[in-house]
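The following paragraphs offer a guided reading of one protein model. The reader is invited to keep the sequence and the structure in view throughout.

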Amino acid sequence: MDPIIKSLDQLYCDSLTSYSRRKTIPVKIGDVIVGGDNPIVVQSMTTIDTMDTEGSIAQSIRMIEAGCELVRITAPSIKEAENLQHIKDGLRKRGYTTPLVADIHFTPNAAEVAARIVEKVRVNPGNYADKKKFEVIEYTDVTYQEELDRIRERFLPLVKICKENGTAMRIGTNHGSLSDRIMSRYGDTPLGMVESALEFLRICEDENYFDIVISMKSSNTQVMVQAYRLLVEKLDQGGFKPYPLHLGVTEAGEAEDGRIKSAVGIGTLLEDGLGDTVRVSLTEDPEFEAPVAKALIERYANRPGHIEISPIQDYPVNPYEHFKRHSSEIYNFGGHNVPRVITDISTIEKITEKEMKSVGHFYLPELDKWKMNDQGCDFVYSGSNSIPFMLPNGMKEIQNAASWITCSDQHNKFPLFDLAGFSSAGKFHPELNFLEVYDTQIEEAITLASERNDTVLILKTENKHAMPALRRAFVSLLKVKSEIPVIVKVSYPDQSQDETMLYAATDVGGLLIDGLGDGIFISLEKEKEHTREEILDQIKLHNSVGFGVLQAARTRMSKTEYISCPSCGRTLFDLQETTAMIRKRTDHLKGVKIGIMGCIVNGPGEMADADYGYVGSGKGKITLYKGKEVMKRSVPSEKAVDKLIEIIKEDGMWNEQETL
């Protein structure tokens, strides 16, 4: 694979360094317009049974008042599709004109009913006209075309109804529900996702129907980002109209993990001007999704006019396939090491052993021993406040160079220099030194650090267009084939916890998605005055977010990953309660991925790369999976978690949880 993109004409965005929204055609959805020069639209999806009219109306209102501009409701059969009329009428009587979107998977006849009622329908190309049986089928060009003809016949009535009624459509491809036919020809790839959508898009364009929004969703952030980028390229190359994009990460999960994972995928694309409507999928009540989406979107309101960044003429990264910048191994950075987490404790004076629990290291005084959890950081930055006790083996200390030069233990502590200090230093650590620089200083930093084989760069920026500014510095390293390891440093002073999660996930996660970066360092610099307890809480958050970003970008798996869907009217059990119950008993299984799906629509296919699956298959009944293989069917829900653990144990992936 040649990673060099020779011409920016081939890229998926207008510029890698200057922020601008991708120009798309406007698509009218009721009173809302998605795309064109219009603001990015926030949307979410109800979780109430669609046949519960009053419940659906009430939840829709809560969502609208939380910031939803489009409300999506599942319509798994004709009866639910017909009931959309009652829900719509109820909302209109209460003064709410927010457009409704019908979510359709396996039932074309339900889509055809819904398209006459609501302002938009969503269809999934992977299961709208195909049945997924996980079979590999060999197709000739003739037999493949016969399948396309069959799809056209099945899909065409919906296209005509939408066109006649002024109903918009989302062609929504999901990574986990690609049809057997697409899988057989293109594999489980971003290209397969794109081609799945283009097959349906060609039918629409043949009918001169263009009121279309497209999505490429996956629970794997790398695949999701690559698929959206590739979609834009294929639309341009194929002479299609520039359709608006609906952004989302499927089955992102709950709480901090769900927010970080969503931001890694969605934020990475927003940084390059892609995206016209956003849905953040959390395993929480849907009214909590809109504020997260709004926080992601609002960051770009003032992004135009940022400090100019030197243009990139040739981008030495293939943005459509996995790439990892090669860096030399220095101490335990770079090379084949996992990305490292550096946690800033520099504003805490006279820190104690007990307070190190904020960075995942626990001191047991009765045993005079240390224990570490799965989020025990690799390094702490103490600045000028030297740590007065011996650290555990799993963690090292970084000091400002001026403090390090006078400390008594210059072997177990490591110095951090600025550019001026590094160039004039009379003494260095023999194994590991840190050089902290701004993105605008990268050329000088390369020259200085390349003269040594013991230096790791800490890279930061003051540009509000942060991720592209940092990316530009990495391009400078790549162009001269520098293999210096680089830690990305970011700072978000005095912001909400959600903003810290979302911004770090975007700025650092966006780089990690493209294989750039050997670690993360969330700084306390520029923070205002806080109490000691407030600072410790901030340190704990920064440490947790650091590990969360690395995991969400698929670069370091430090904890159990839960691929849980956001619930909807199809869900056959309480997803939030069940996810919490499964998490409580399995969250010590480092690196294991467990899919928790409310119904078969978000079942084995949607779990994509989960190791184990817990899927609703009927009222009070659960089907358990190992990968995509059914292990147990129709397990009573009260026994299902125990049976899931039995499967994990039989597979040799279980270990007993230690108590700290």
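The expected span of a helix is 1.5 Å times one less than its number of residues. The model shown here is a predicted one, and this definition can be applied to its helix α16, which covers residues 532-552. With 21 residues, α16 reaches 30 Å from its first C-alpha to its last, close to the 30 Å expected.

The surroundings of this helix come next. Of the 21 residues of α16, 16 are buried, so the helix is largely enclosed by the rest of the structure. Val-545, a residue of α16, illustrates the point: its relative accessible area is 0%, and because buried means under 20%, Val-545 counts as buried. Apart from neighbours within four places in sequence, Val-545 is in contact with Glu-256, Ile-260, Thr-500, Met-501, Ala-504 and Ile-522. A further relation joins Val-545 to Gln-497: the two are 48 residues apart in sequence, while their C-alpha atoms are 9.7 Å apart in space.

Residues of α16 also appear among the contacts of a loop. Ile-348 is located in the loop between β11 and β12, and at 2% relative accessibility it counts as buried. Once neighbours within four places in sequence are set aside, the contacts of Ile-348 are Glu-355, Asn-385, Arg-532, Ile-535, Leu-536 and Ile-539. Ile-348 and Thr-531 are separated by 183 residues in sequence, yet by 9.9 Å in space from C-alpha to C-alpha.

The loop that holds Ile-348 also holds Lys-350, since Lys-350 is placed between β11 (340-344) and β12 (361-364). Is Lys-350 buried or exposed? Its relative accessibility is 74%, so Lys-350 counts as exposed. Although Lys-350 is not a glycine, its phi is positive, at about 50 degrees.

A positive phi is found again after α16, at Arg-554. Here the value is near 65 degrees, and this residue too is other than glycine. Arg-554 belongs to the loop between α16 and β21 (561-564). At 17% relative accessibility, Arg-554 counts as buried.

Attention may now turn to the nonpolar interior. In soluble globular proteins, nonpolar side chains tend to be buried together. In this model the largest nonpolar core has 164 residues, and the members that touch the most others are Phe-155, Leu-158 and Met-169. Leaving out residues up to four places away in sequence, Phe-155 touches Val-123, Tyr-128, Met-169, Phe-200, Ile-203 and Cys-204. A second core, separate from this one, consists of 17 residues, including Val-592, Ile-596, Tyr-612 and Val-635.

The last feature is an open space rather than a packed one: the second largest pocket. Its volume is about 340 Å³, and 19 residues line it. Which of these lie nearest its centre? They are Thr-461, Asn-463, Ala-466, Ser-491 and Tyr-492. Among the contributing elements, α13 (466-479), β19 (486-491) and α14 (497-507) each supply at least two lining residues. β19 gives the most, with three residues. By class, the lining comprises seven nonpolar, four polar and eight charged residues.

Key:
Residues numbered from 1 in each chain as written. Predicted model: local features only at pLDDT ≥ 70, side-chain atom pairs only at ≥ 80, totals over all residues. Heavy atoms only, no water. 1 Å grid on protein atoms, 1.4 Å probe; cavity = no way out; pocket = protein on both sides within 12 Å on 5 of 7 lines; lining within 4 Å. Points joined across faces, edges and corners; volume = space filled by probe spheres on them. Helix = DSSP H or I, 4+ residues; strand = E, 2+ residues; numbered from the N terminus. Nonpolar A, V, L, I, M, F, W, Y, C, P; charged D, E, K, R; others polar. Buried < 20%, exposed > 50% of the residue type's maximum accessible area, 1.4 Å probe, protein only. Core = buried A, V, L, I, M, F, W, Y, C linked by side-chain atoms within 4.5 Å. Contact = heavy atoms within 4.5 Å.
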